[in-house]
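Colleague: I have a few questions about this model before I go back to the bench. Could you take them one at a time?

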Amino acid sequence: MNKLLLKLAITAVAGSLLSSNPMIGQVSPTTPKTARVRIIQGPELELAKEHLTIIRWTTNNPGGSPVHYGIVRYGTDPKNLSQTAKSPIRLNPDHSSTIFRVRMDDLKPQTTYYYTVGSMGADGTDDGTKSTVKQFRCTR
Amino acid sequence: MKRTTLLGTLVIFAAVVGALFLPYGPVSALGTPVPPYNPYPTGILPPDLGSEIARVRREVVSIENEALTQWQALTPPTLTGQPPTLQGTGQRANQLLGKLMNFDENISPFKNRACGFCHMPYAGFSGPIPSVNLTMIAYPGSVEFRAGKRTPQRYTYSPFFPILNYNETQGLFFGGNFWDSRATGYLLGSPDAEQAQHPPVDTQEHALPDTACIAFRLSTAAYKPLFETVWGAGSFNISFPADTEQICDTPGGASMLGGSATPIALTPEDRTKANNVFDHWGNSLDQYEASPDVSAFSSKFDAFTKGTYTLTKDEAAGFQLFNGKGNCNSCHVDGRGTTSTVLNPGFNPDHSKTASTTPKFTCFGSANEGLPLNPRDAIYYQNTPDSFGFTANPDGFAFRDLGMGSFLRGVAAPNPNSNWTPFAPTVDGQMQVSSARNVAMTPPQCPTTEAGLTPYFQKEFFHNGYIKSLKQLVHFYNTRDLYPYNVTSGHCPTGTIEKVTCWPMPEVKNNIDMTTGKLGLTDREEDQIVAFLETLTDGFTRPYPDRDTFTGACMTCNPATDPNCSPARQGNGSLIPTPPLPPCGSDICGVPPVPSPPIP
């Protein structure tokens with residue numbers, strides 16, 4: 001517990017030093033973490049071509065690390081989503097919502113895939129969101 | 001002082017006379033022409049390359065002469081205090097020293113390349129040759145026509161990048177200089193100062209074979225007294241061996257150097273002195289680049305933040321899109337909030353939250369934007385040895401530019417922090433997020449970057465110069481994932497137009513930033529963002545130094561007769577088909593920790 005408090009204090013001091021230094025004042029800030037991140041739109045298929053599939057969804061702004069990863073866990077068996085794709089996006093601290101988009105390259109054609117989505121900060125902190133299992137079919 | 005003035009006058013005279021008789025190609029110390037290195041198929045080198053090189057060299061010499069005059073006119077600073085400080089004009093003296101170094105052609109084996117050759121003020125201190133920007137994208141070095149692999153990054157605001165560091169709290173890298181951040185700042189405390197140390201000894205740029213050559217050449221510079229004023233008398237008390245001139249006349253990478261990084265045989269004490277001079281070279285150049293001569297904060301946007309300029313309707317709309325729908329400021333941090341309390345068009349003053357009054361328009365991070373491989377990049381063709389036995393890129397088209405990933409693996413440059421190496425796969429393909437300031441700067445007589453009836457100056461954008469106009473740049477961010485095709489550049493399907501309704505596959509598919517790619521901007525909204533980007537050009541509140549030094553010709557075209565005469569299609573007439581690509585070279589993609597997933 002004391003270690004946690006010490007870590008928090010160091011973080012706060014470091015944060016105040018960062019924000020007071022004009023030379024590095026514009027480094028993307030770590031913003032307050034949202035208490036509960038929820039999907040407010042999607043997930044949905046944005047693009048499905050023979051070489052590229054993009055899954056897209058929107059959450060409230062999760063806060064935290066300025067770079068987040070959208071994560072898609074997928075597979076051809078809805079009970080075994082063994083593959084993972086993830087793509088980075090940058091949070092905009094002044095936007096209330098955040099759009100996650102994940103690329104999946106070189107999927108098999110004429111194949112139905114099942115997937116769930118979630119997200120995490122570049123620091124490894126999971127946002128705690130997970131969609132229901134959805135599906136899409138690769139064309140051609 | 002009188003002696004200094006006489007010396008300076010003589011040197012200016014010699015420089016002016018020399019400028020009138022500049023040779024078109026490099027000449028060795030013995031006066032014999034250096035055979036050109038030309039491994040390029042027809043059409044890769046622009047036809048006006050020789051005359052354009054000569055033109056830029058004349059401009060470089062002209063600015064060097066101006067700097068010499070500025071130095072002569074400067075009241076000398078006096079050293080006083082404890083710690084000793086150059087009182088009065090000390091800072092300006094250091095900045096002028098940096099300027100003199102920046103435009104000094106002697107810092108190259110054949111005394112034909114200055115830093116400014118690739119970084120001229122009228123282009124925002126980026127590439128000054130329109131035809132090079134349109135075609136080979138990388139600039140020919142002292143050995144003509146060796147060339148690098150990337151576009152010259154703008155100097156402006158580069159001194160504000162922090163020392164490269166891995167922020168464990170955020171899980172991200174920040175800072176450094178260069179597209180791949182390899183100038184870390186770990187030694188001099190300034191990435192920009194360390195950046196200035198690389199090109200003089202880069203085999204495809206200035207190509208000096210030993211960092212001690214910088215000290216050697218400076219020891220005979222006209223402005224040597226200024227160097228000694230700033231950095232101390234006796235800085236050049238180095239016993240250079242008799243063969244130093246011969247070695248410094250030999251370009252780096254030459255087989256006769258036997259692969260040595262320090263071919264000049266100096267005593268350890270003299271090597272340390274030469275290293276100090278080399279460090280001060282970086283320090284002074286950094287001071288010049290940080291000065292108002294380069295990083296001026298004199299744009300329309302700066303006036304706007306002070307309430308002395310009202311954005312036009314399109315500029316204001318572009319600013320709101322930059323912050324909002326375009327989401328540009330998630331990376332090109334503008335120091336402003338997105339929630340303006342005044343919603344009327346052309347809002348002035350800006351009432352949004354203010355984080356910084358002098359925003360740098362970068363987050364100091366890196367990103368992979370998924371640019372296609374540009375087959376016009378000169379690097380792909382340099383896979384045979386030149387007359388010095390040097391081969392820049394044995395991989396040919398098996399070369400892949402992994403950006404920061406290759407740096408962290410120690411492939412592109414030594415990595416000074418082995419703790420960073422495991423992160424290489426997470427940054428493959430990432431390039432530094434440049435400041436958006438001065439992205440639109442052009443010579444005054446060619447007032448735009450965008451092709452059309454108005455005289456324009458052809459620039460190149462991103463690390464590989466694939467994008468040729470700001471309209472294309474914004475359109476790329478807007479539609480990369482709307483028009484993706486599984487082809488390489490030059491092979492878009494019939495019925496599509498490359499860069500308009502077809503974006504070829506990314507060179508590096510790993511770690512592609514998905515913040516952008518499908519923004520839903522209309523054509524007019526794209527134009528409005530371009531209009532806003534143009535407000536970031538310095539020189540509005542006061543003249544931008546040396547912006548008027550361009551002596552070349554502006555470009556014009558007629559949209560009624562030229563299908564490429566539009567910002568959207570700019571440069572499409574120069575597209576060439578990408579050849580079948582061999583797999584990524586093992587010396588790049590096979591170095592652990594290997595890219596994940598593998599890069600084809």
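The questions below concern a predicted model.

Colleague: Which strands pair with β3(A), residues 67–75 of chain A?
Modeller: β3(A) pairs antiparallel with the strand at residues 83–90 of chain A over 8 bridges, and there Y69(A) has P88(A) as its bridge partner. Another 8 bridges, also antiparallel, join β3(A) to the strand at residues 112–121, where H68(A) is partnered by G121(A). The strands asked for are β4(A) and β6(A).

Colleague: How many of the 9 residues of β3(A) are buried?
Modeller: The strand is mostly covered. The number of its residues that are buried is 7.

Colleague: Which helix gives the largest nonpolar core its largest share?
Modeller: That core has 130 residues, and L97(B), L100(B) and L533(B) are among those with the most contacts inside it. The largest share is 8 residues, and it comes from residues 49–73 of chain B, helix α2.

Colleague: What does L533(B) contact, leaving aside neighbours within four places in sequence?
Modeller: L533(B) is one of the residues with the most contacts inside the largest core. Its contacts beyond those neighbours are A436(B), V439(B), A440(B) and L470(B).

Colleague: Why does S62(B) count as partly exposed?
Modeller: S62(B) is in helix α2 of chain B. A residue is buried at 20 or more other C-beta atoms within 10 Å and exposed at 12 or fewer. S62(B) falls in between, because its count within 10 Å is 17.

Colleague: How far apart in space are S62(B) and T549(B)?
Modeller: In sequence they are separated by 487 residues. From C-alpha to C-alpha, the distance is 8.2 Å.

Technical notes. Residues are numbered from 1 along each chain as its sequence is written. Chains are lettered from A and ligands numbered from 1 in the order in which they are written. This is a predicted model: local features need pLDDT of at least 70, side-chain atom pairs count only at pLDDT 80 or more; totals for chains, interfaces and linings use all residues. Helices (H or I, at least four residues) and strands (E, at least two) are DSSP runs, numbered from the N terminus. Two strands pair if DSSP finds at least two bridges between them. A nonpolar core is a set of buried Ala, Val, Leu, Ile, Met, Phe, Trp, Tyr and Cys residues joined through C-beta atoms within 7 Å. Two residues are in contact if their C-beta atoms, placed from the backbone, lie within 7 Å.
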